Structures are given as C-alpha cells and as structure tokens.
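I set out to record where empty space is left inside this structure and how some of its helices pack. My notes follow in the order in which I looked things up.

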Amino acid sequence: MAVDDDELFDDEDYDNDFGSEAGDGDGDGDGLTEHDREQLRMGTIEVRKQLGPEFDVTDNDIQESLWHYYYDIAKTVTYLKNKRTQSQKKTSQKGAAMTHATAPVCGLTKSPSFSTEDFFQDCPWLNVPIDRLAVFEPVRVPIRGGLLGGSSSEPKMSKLAALAAKRRQKENEKLAKTDVTEDSSNKSSYIASLEKLRLGSNTQKTVKPDPTQLLKENSSKLNHEKRTKPRAPSKHSPTPEPDIPTVQTELTTPTDLPPVIVSRAEPSAFARVLTGTTNFWPHLRQLPDSLLNRPFLSHKSPHTDTKPFDFTDPSPDDIVINAQKSKATKSAKSKTPAQQQDNLAQGVKQLSVSSQPVSKSKGIDVVSEYKKKTSKPAANFVVIGHVDAGKSTLMGRLLYDLKAIDSRTMEKYKKEAEKIGKGSFAFAWVLDQGSEERERGVTIDVATNKFETDKTSFTILDAPGHQDFVPNMIAGASQADFAVLVIDASTGRFESGLKGQTKEHALLARSLGVQRIIVAVNKMDAAHWSQDRFTDIQQQIAAFLISAGFKQQNLAFVPCSGLQGDNILQKSGDKNAAWYQGGTLVQELDQSEPTTHAIDKPLRMPIADVFRGGIQNPLSISGRIESGSVQNGEVIKIMPSGELAGIKGIEVDNEPAEWAVAGQNVNLHLVDIDPIHLRSGDVVCSQKSPITNIDTFSAKILAFQHLMPMHLDIHRGRLHVAGRISQLVATLDKSTGAVIKKKPKVIQPGSLVQVQVELTRSVPLEAPARIVMRSEGHTIAAGIMQ
C-alpha cells in the first residue's frame with residue numbers, strides 16, 4: 001500500500017516539534033529582542049548618514065550587514081561600498097560582452113584579467129588594521145668567544161683562546177702523522193698475512209722490473225719522439241698504424257710497452273689475491289685500450305705470479321676436523337667390541353649418582369629375642385561413634401584418671417576452654433591438639449595416646465565421628481585390635497546417632513577385622529541414670545551388632561559419664577546408678593584378650609605418616625607393623641615406587657629400640673632415599689620378598705547398598721585409590737559361601753557377592769587384605785581380597 005508524503009510528514013507535527021525552538025526569545029517570531037531592534041534602527045540611521053543620500057541601498061541590506069558584523073558601523077559601511085563597486089564592475093563587464101557579441105568574430109577574445117586581491121576583497125577577516133599586523137624578526141645569535149662590549153663586528157680572540165687553538169692544532173698534526181705511520185705498518189702486515197692465502201705461488205721467485213717504472217720511462221720516450229717527429233703534410237691524409245711487436249714471455253727493455261695512462265687508484269691487497277694477475281704485464285700490449293683503464297691493472301705488487309683463491313677447496317678448519325675424525329676412526333677400529341662394551345659399562349658406573357644402600361644390620365634373631373622378652377602385652381583400640389557422642393571427652397577423662405596427664409596440664413586446658421566459652425571441652429582437648437579441632441569442637445584426624453594398666457599397655461586411636469572424615473576413621477580402625485563404641489544416651493541423640501555414623505562405624509570396624517567391641521553408653525547423667533533407658537539402648541545395639549557379624553560373647557555394655565568420670569576408672573557414687581553391678585570401662589579393657597600376629601612372615605608395614613624426626617633424623621615414617629620384623633641397619637623396600645632405603649634408627653612407642661615386631665607401633669628413621677618416594681598408604685616390605693603392585697583383583701564383599709558395575713573408591717588403611725567394579729561374578733551364601741546366582745545384574749543390600757575390581761593405577765595390595773568401598777561420601781560395601 002502506497003503512503004503519501006503528506007501523511008508521513010504532517011505539517012502540524014512538524015510545527016509542534018520545531019516551533020518551540022524557532023519561537024524562543026522575547027520577540028515575536030524573528031528571534032529579535034527589543035534591544036536588538038533598537039540597535040538595528042540606530043545603526044541604520046548612522047550607516048545612511050555615512051553613506052550619504054545619493055547611495056542607493058535598502059534598510060533590509062543595511063540591517064543584514066549590521067547583524068552580520070555585530071553592529072559594527074565602519075565594517076558595514078565598507079562592505080556596502082565594496083558590494084556596490086562589485087555590482088558596477090559586473091554591469092560594465094556584461095555590457096562589454098554584449099558589444100563583442102554583436103561585433104563580427106575575427107578571432108579569439110581575451111578574457112578579463114583575474115585578481116586574487118579583488119576576489120577576496122570583500123572578506124571581512126582580511127581587513128586587518130596595519131597597527132595589528134605582526135612582524136617576525138630573526139633571533140640574533142650572540143657571537144661566542146669574544147669579550148663583552150656590545151660591538152657588532154667579530155670580537156678579538158683572547159690570549160687564552162689563542163693558546164688553546166694553537167695547542168689543538170699541534171695535537172691534530174701529531175695525530176695525523178701517527179695515523180699515516182700506523183696505516184703504512186698495518187698495511188704491510190696485512191699484505192704479509194694475505195700472502196699466506198696464495199695457494200699457486202711459485203717456490204722460485206724471479207726478479208722482474210717494476211711495471212710502473214717501465215710505463216713512465218716508455219711514456220717519456222714516446223713523447224720525446226713525438227715532439228721531434230715532423231707533422232704530417234695533410235690533415236686528411238691517413239695515418240699509418242704502428243706495427244705491433246710480437247708478445248714475449250719477459251720484458252727486457254722499457255721500449256716493449258706502449259704508453260698507458262692510469263688515472264685510478266691501485267687495488268687493495270685482498271682484491272689482488274682474489275682477482276689474480278699472474279703474468280699480466282707480458283700480455284699488456286695485446287689488450288685493447290678500453291680494458292687498460294681498470295683499477296686492478298695498476299698494482300705495484302712485485303708478486304705477479306699469484307692465483308685466485310679457490311673457494312671450492314677445503315678450508316684450514318676442514319682439514320683439521322677431517323684429520324681428527326680419521327684419527328678417532330683408526331683408534332675405534334683398533335678396539336674390539338668387548339673392549340668397547342667394558343669401557344661403556346665403566347663410564348655408566350662413573351655417572352651413577354649414588355650407590356644402593358648397604359645393609360648394616362647386626363643380624364639379630366628378632367623372633368627369638370621377642371620370645372625371651374617379658375613385658376606387658378600391647379593392644380590398640382579405636383574409639384568410634386556418632387559425632388558429638390563424647391568420644392574425646394570420655395578418653396580424656398580416662399587418661400586423666402589414670403594419671404597419663406598431669407593436673408597442671410589439665411588445669412591449663414580448663415582455663416583455655418572457659419576463656420572461649422567451652423568449659424566442657426577441656427577433657428576433649430587432651431586428644432584434640434589441633435587449633436581447628438579445638439575451634440570447631442570436632443575431631444578431624446586420628447588422635448593417638450598411650451596409657452598402661454596393671455595388665456596391658458594400650459594405645460588409643462580416637463577416630464573422628466563426622467561423616468566427612470570417615471576415611472580417617474577407616475585408617476584408625478585398620479590398626480585396631482578391638483573397638484570402643486561410644487553412644488550418647490541423652491533423649492533424641494541416641495536415635496539420631498543410630499541413623500547416622502553409629503551403624504556405619506560398627507559395620508566398618510567389623511569389615512576391617514575387629515571382632516571384640518565394648519559399647520560405652522555415655523552421658524548417663526543427662527538421662528538421670530535411667531535403667532530403662534540403658535536397657536533399651538542395649539537391646540537395640542546388641543541386635544544390630546549381632547546382625548553385623550559380632551558374636552554375643554564379644555560384646556560388652558558399660559553405662560558411664562565422661563564428664564563426671566562415673567564408671568570409667570571407679571564405680572559411680574550416684575545413688576541412681578546403684579542398679580548397675582557390672583565392671584568399669586577400664587576393667588572391660590583389661591579383659592580383652594591379646595591378639596596374635598604373624599611375626600615369622602615377611603615384613604609388611606603400611607605407612608601412616610611421613611615426617612621430620614629431628615635434626616639428626618630428617619626423614620622418618622610411622623605406622624603399625626602388620627607382619628614380620630625389622631631391625632636397625634636393615635635395607636627395606638618401599639612400594640609401589642620400588643625404592644630401597646636404609647634404617648638408621650627405630651622407635652617403639654617413642655622409645656629407642658634395636659628391633660620391632662608385628663603388632664607394634666613404630667617410627668623408622670630412614671636414609672638413602674628421596675622423600676618424593678614416600679607417602680601415606682605406601683607399604684614398607686622386605687627387600688627379598690616385596691609386595692606386588694596390582695591394578696585388578698577379585699574380592700568377596702558384603703553390600704551395604706545396591707551394587708552394580710560402577711565407579712567407586714577403594715580404601716585400605718591410609719591407601720586410597722579410585723577404581724570400578726568391572727564385573728559382578730556371583731552372589732554367595734553367607735553361611736556356606738556357595739554360589740547362589742552367577743553374573744547378577746544388581747546386588748541387593750545385605751548380600752554377599754564376589755566381584756572383579758579394576759584400579760586406575762597400580763598399588764601394593766595382596767590377599768587377604770581387608771578393603772572398604774565408598775562412593776559419593778557413603779560406604780557401599782566392604783570385604784576381603786581373594
């Protein structure tokens with residue numbers, strides 16, 4: 001559809017949009033104020049007065065000029081006069097053109113002359129007054145070196161300046177003479193060095209006359225003959241050509257050469273060597289005159305038999321290098337292959353940085369020495385349970401009652417805890433030494449401490465209860481002989497803990513080989529020592545632990561209060577706790593039977609920590625020996641790196657010792673190994689029978705959640721490696737181990753299954769190691785390698 005232009009641009013809209021700008025001001029519609037109109041009226045009167053009555057001009061032209069020149073009367077009058085003059089010239093030029101048009105055309109007519117001055121005459125910015133014109137004058141540079149006096153002529157040189165100028169003149173002359181001497185000496189030495197480059201020089205040198213001197217003598221003789229010879233009779237008569245003599249091998253007399261005038265400089269010594277002018281002068285008379293005027297033909301060197309340097313020949317450096325190669329080849333050919341191999345092996349030995357560590361052990365029979373030793377049996381127990389169940393407080397109170405920590409240190413912890421408003425955390429700080437653990441009130445890593453009773457020497461492994469630190473709990477439980485499960489008896493806390501880490505920790509402890517468990521029902525003072533509450537907790541926990549694989553005879557329940565110290569070392573004095581007739585927590589610990597360890601098997605010790613043992617022991621590791629024995633000076637192997645190390649010192653329970661056996665917590669001070677080859681989770685083993693690195697294995701596991709071929713994390717103590725279940729082999733019967741179903745697709749929770757596992761890297765593992773499988777922060781299975 002076509003749209004009319006009137007519709008696109010409406011007059012009313014256009015006036016509304018721009019009318020406000022055009023009508024701004026105090027006037028009507030022309031934009032002039034009353035003051036402007038008055039000035040224009042007065043200016044018009046003054047301009048007419050100066051122009052005179054005979055000057056024909058309208059008021060509109062006068063007002064436009066006044067408006068253009070900002071009411072300047074003089075400029076307006078000048079402009080109007082110039083305008084009238086221009087109009088008159090144009091009128092006269094038009095009349096002349098008409099006259100030429102009516103006249104007969106005889107030829108080309110001359111155009112009127114053009115003047116730039118007349119063309120720009122009416123431009124107001126060119127009418128600058130003379131008094132305002134700028135004049136540029138050159139800057140007068142004062143004459144230096146004279147005395148001040150204002151004279152325009154060149155000043156007279158002072159005596160001091162004259163002496164300085166004379167001295168400079170003498171120095172310049174002296175330098176000029178020195179340069180000439182040095183140039184001549186340098187030139188002679190330079191020529192002598194270049195003479196060595198002449199490869200075609202003759203051994204026998206013949207003395208020949210100087211060609212330049214011959215040229216001079218020959219030229220003077222010919223000029224004399226020319227002057228004495230009579231002039232030819234006719235100008236146009238042909239001149240007979242002179243006879244060219246026969247070319248000879250040597251110049252005998254100066255008359256053999258024609259006159260040659262050489263006006264260019266002689267070539268350099270290097271140019272003469274490169275161009276080569278051998279036997280040039282005998283053939284000089286055969287060359288045309290146009291080729292004689294060359295710079296390289298007028299040299300004065302007596303060596304006229306040189307040849308040009310051939311750059312295709314080997315250079316002196318090439319000759320030396322080829323000689324060295326030929327010599328090396330001859331020496332290599334003279335040796336037999338066996339000798340060359342021996343030399344190579346000897347060179348490799350010399351390049352070795354350090355030799356393998358040498359065993360410096362005394363050869364002690366550790367097994368017999370251990371059997372002869374009479375000491376208290378040692379045991380490790382791990383403290384597990386839900387977060388905030390009071391595990392660290394209970395163990396701190398146990399250490400304080402057994403005098404494992406002095407009263408002064410305990411008073412210090414109480415003051416520090418009360419200062420930050422956490423007075424009840426004082427006993428927990430006995431084990432929680434880290435600043436972050438104390439600020440958060442949560443155990444992060446496994447804390448260890450030792451105490452002794454009348455029967456046994458115990459090592460406490462206080463494991464963290466928070467779900468984020470379950471891998472640390474696994475590391476602690478893997479070193480334990482039995483476990484202490486701490487439960488919060490207060491209302492609501494037991495139920496929440498049962499849904500949280502209480503069950504998970506118990507399952508992990510059983511999966512890692514823990515068979516005996518002591519259940520410490522803590523915070524009974526908050527439950528007013530209610531027997532019904534204790535009985536209810538005992539029934540639920542016992543049923544769960546028996547279903548998890550613990551035996552009834554290996555379970556023990558003790559009601560206690562970690563903050564008040566009831567039923568820990570001594571029986572509770574509260575009358576509400578009179579109903580409990582069982583033993584205290586320490587008594588239950590002493591009743592634990594010591595476990596046996598494989599002392600006679602090869603050495604296996606997972607590394608728990610790598611640290612600096614001091615100035616004398618810059619590299620140390622700690623851990624619990626799982627099997628075998630070790631002694632000072634022995635050479636051990638670290639897997640998976642395969643590096644060897646020497647044992648410089650051994651500490652058993654922080655006491656120096658000559659040897660250590662399975663079941664003991666030791667610190668080994670190592671030498672002859674780089675710390676980069678040591679990390680937590682590596683295995684220390686015997687050099688003769690090391691553990692094997694594997695990346696796939698078969699395992700029999702108990703599923704805690706639904707399983708299928710999936711990615712997961714494998715935990716074995718401090719060892720942590722990613723992997724996946726590549727195949728579900730079969731489901732097994734829990735009591736007999738018989739195959740129920742082969743190649744199942746999904747495994748239900750609580751089922752026993754055989755699986756194939758693939759790891760992302762090779763790690764030191766061997767059967768029958770106990771492993772734990774976790775995925776996305778949850779424990780999904782645990783079992784034994786096959």
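**Entry 1. The second largest cavity.** I sorted the lining of the second largest cavity by residue class and obtained 6 nonpolar, 1 polar and 2 charged residues. I note here that the model is a predicted one. The lining consists of Pro606, Ile607, Gly681, Val683, Arg716, Arg718, Leu719, Pro764 and Leu765. I read a volume of about 50 Å³ for this second largest cavity. I then asked where the second largest cavity lies with respect to domain 3 and domain 4. Domain 3 (604–686) and domain 4 (693–785) each contribute lining residues, so the cavity lies between them. My search of the whole structure returned 3 cavities of 30 Å³ or more.

**Entry 2. The largest pocket.** I next turned to the largest pocket, which holds about 1,400 Å³ of space. It is lined by 45 residues, and those closest to its centre are Ser478, Leu512, His597, Glu626 and Arg770. I looked up which elements give two or more residues to this lining, and found helix H17 (470–477), strand S7 (604–606) and strand S9 (620–624). By class, I recorded 20 nonpolar, 14 polar and 11 charged residues in the lining of the largest pocket.

**Entry 3. H17 against H19.** Since H17 helps to line the largest pocket, I followed this helix to its packing with helix H19 (residues 501–511). For packed helices I note two quantities, the angle between the axes and the distance between them. The axes of H17 and H19 are 10 Å apart, at an angle of about 35°. I entered the crossing of H17 and H19 as right-handed. On the H17 side, the contact is made by Val470, Met473 and Ile474, and on the H19 side by Glu504, His505, Leu508 and Ala509. I classed the residues of this H17–H19 contact as 5 nonpolar, 1 polar and 1 charged.

**Entry 4. H19 against H20.** I then examined the packing of H19 with helix H20 (residues 531–548), where the axes come within 10 Å and cross at roughly 35°. The crossing of H19 with H20 is right-handed. Which residues make the contact between H19 and H20? From H19 I listed Thr502, Lys503, Ala506, Leu507 and Arg510, and from H20 I listed Ile541, Phe544, Leu545 and Ala548. The class count for the contact of H19 with H20 is 6 nonpolar, 1 polar and 2 charged residues.

Definitions and conventions. Residues are numbered from 1 along each chain as its sequence is written. This is a predicted model: local features need pLDDT of at least 70, side-chain atom pairs count only at pLDDT 80 or more; totals for chains, interfaces and linings use all residues. Side-chain values use heavy atoms; hydrogens and water are left out. On a 1 Å grid over the protein atoms alone, a cavity is a set of points where a 1.4 Å probe fits but cannot get out, and a pocket is an open set with protein on both sides within 12 Å along at least five of seven lines; lining residues have an atom within 4 Å of a point. Grid points are joined across faces, edges and corners, and a volume is the space filled by probe spheres set on the points. Ala, Val, Leu, Ile, Met, Phe, Trp, Tyr, Cys and Pro count as nonpolar, Asp, Glu, Lys and Arg as charged, and the others, Gly among them, as polar. Domain bounds come from an automatic or database domain assignment. Helices (H or I, at least four residues) and strands (E, at least two) are DSSP runs, numbered from the N terminus. Axes are lines fitted to C-alpha atoms, for helices over the stretch in contact, and angles run from 0 to 180 degrees between N-to-C directions. A crossing is left-handed if the near helix is turned anticlockwise from the far one by less than a right angle, and right-handed if clockwise. Contact means heavy atoms within 4.5 Å.
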